[in-house]
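Me: I am new to this structure and would like a close look at a single part of it, the largest nonpolar core. Please describe what belongs there and what surrounds it.

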Amino acid sequence: SGLSQEAGSVEQLSLHCAEGSLEWLYPTGALRLRLAPRLPPTSAAVKGGSPPHITACIKPTGTFRGAQLYLEREGVLELLLPEAPRPRARCFSWLPQEKVALFLQATPHPDISRRIAAFRYELRGDWLARPALPAASLSAEGACRPCNDTEILMAVCTSDFVIRGSIRSVSNDAELQESIIGVSATRIHRQKFPLFQAGGRPGRPVGSIRTPLRCGVKPGPGTFLFTGWLHFGEAWLSCAPRFRDFQRIYEGARRTHQNPCEFPMD
């Protein structure tokens, strides 16, 4: 609460958890939030590869008021969230040796009692293979291209969800720059959270998966294998090969003992 701060003071905090939320009541002065996620050993750089990046995503609540959020990188400030921002995520990456923090600065108002600056955050190591994130600020190079065979096999083994099913609908949200794919599941191979639940045909769980609008997803016939990540409680698409193509890729990898995990093909 800003009521416990002196005007013009800067409170120092550290964010260590992989994800969480911050709620600043009656903002006054400023908060400096040091980003220091506890990264798992698997986030270390592969020997001979590029250095590992750390990624953070920030999503303001729809009632974010009373402050502006800046990214502080090596002493330089960049505005991430103005006051009363649109409720969409902003993501950015940095190298472990870089000094990065969030600077939440209260905006002057005669009446602070009705203002709350609140947001959710995610901190993690490099987003595995090909993150599909809705933010232009995260260099999403290649986010819309089809996955290659190796990426498909890894996605099936490591994704938050792996769903076999068909596309029921595609709707576009121009404001958030997102496409929402309605999916009818014929089989749920894995989901860390109940993203797909009964509600369609008898015995057919349904759910929605998001992808950047610029990818131009269109509805199409056939059965797909949808894989992806959970991002602020929503499913985001990573790889989605046609199931018959996945069968061919998986059988080929199995014959040469190059499949990274076992997958039920029945």
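Reply: In this predicted model, the largest nonpolar core has 25 residues, and those that touch the most other members are Leu-35, Phe-92, Leu-102, Leu-104 and Phe-119. Many strands contribute to this core: S2 (19-25), S3 (30-35), S4 (54-60), S5, S6 (76-81), S7 (90-94), S8 (100-106) and S9 (116-125) each supply at least two of its residues. A separate core of 14 residues lies apart from it, with Cys-147, Leu-153, Tyr-250 and Ala-253 among its members.

Phe-92 is a useful place to begin. Leaving aside residues up to four places away in sequence, Phe-92 touches Leu-35, Ile-54, Thr-55, Ala-56, Ile-58, Leu-71, Arg-73, Leu-80, Val-100 and Leu-102. One of these contacts, Thr-55, belongs to strand S4. Thr-55 counts as buried because its relative accessible area is 2%, under the 20% limit. The side chain of Thr-55 also makes a polar contact of 3.0 Å with the side chain of Ser-93.

Another residue touched by Phe-92 is Leu-71, which sits in strand S5, residues 67-73. Leu-71 has a relative accessibility of 2% and therefore counts as buried. With residues up to four places away in sequence again left out, the contacts of Leu-71 are Val-76, Leu-77, Glu-78, Leu-80, Phe-92, Val-100, Ala-101 and Leu-102. Leu-102 is also the bridge partner of Leu-71 in S8. The pairing of S5 with S8 is antiparallel and runs over seven bridges. Leu-104 is 33 residues away from Leu-71 in sequence, yet the C-alpha atoms of the two are 8.8 Å apart in space.

The pairing of S5 and S8 is part of a wider arrangement. An open sheet of five strands runs in the order S1-S3-S8-S5-S6, and its pairing is mixed. Strand S1 (10-15) and S6 are the edge strands, each of them pairing on one side only. On average, neighbouring strands of this sheet are turned by 25° against each other, with direction ignored.

Between S5 and S6 there is a loop, and Glu-74 is found in it. Glu-74 is not a glycine, but its phi is positive, at about 50°. Most residues other than glycine have a negative phi. A further case is Phe-232, also a residue other than glycine, whose positive phi is near 55°. Phe-232 lies in the loop between strands S14 (224-231) and S15 (234-237). Its relative accessibility is 5%, so Phe-232 counts as buried.

For the surroundings beyond the largest core, helix H1 is worth a look. Leu-153 belongs to the other core and is one of the buried residues of H1, residues 149-158. The buried residues of this helix are Glu-151, Ile-152, Leu-153, Ala-155 and Val-156. What covers them includes strand S10 (161-173), strand S11 (178-191), S14 and helix H2 (243-255). At the start of H1, the backbone nitrogen of Thr-150 has a side-chain oxygen of Asn-148 within 3.2 Å.

Key
Residues are numbered from 1 along each chain as its sequence is written. This is a predicted model: local features need pLDDT of at least 70, side-chain atom pairs count only at pLDDT 80 or more; totals for chains, interfaces and linings use all residues. Side-chain values use heavy atoms; hydrogens and water are left out. Helices (H or I, at least four residues) and strands (E, at least two) are DSSP runs, numbered from the N terminus. Buried means under 20% relative accessible area, exposed over 50%, partly exposed in between (1.4 Å probe, protein chains only). Contact means heavy atoms within 4.5 Å. A nonpolar core is a set of buried Ala, Val, Leu, Ile, Met, Phe, Trp, Tyr and Cys residues joined through side-chain atoms within 4.5 Å. A polar contact is a pair of N or O atoms within 3.5 Å; within protein, one must be able to donate a hydrogen and the other to accept it, and residues adjacent in sequence count only if both atoms are side-chain atoms. Two strands pair if DSSP finds at least two bridges between them. Axes are lines fitted to C-alpha atoms, for helices over the stretch in contact, and angles run from 0 to 180 degrees between N-to-C directions.
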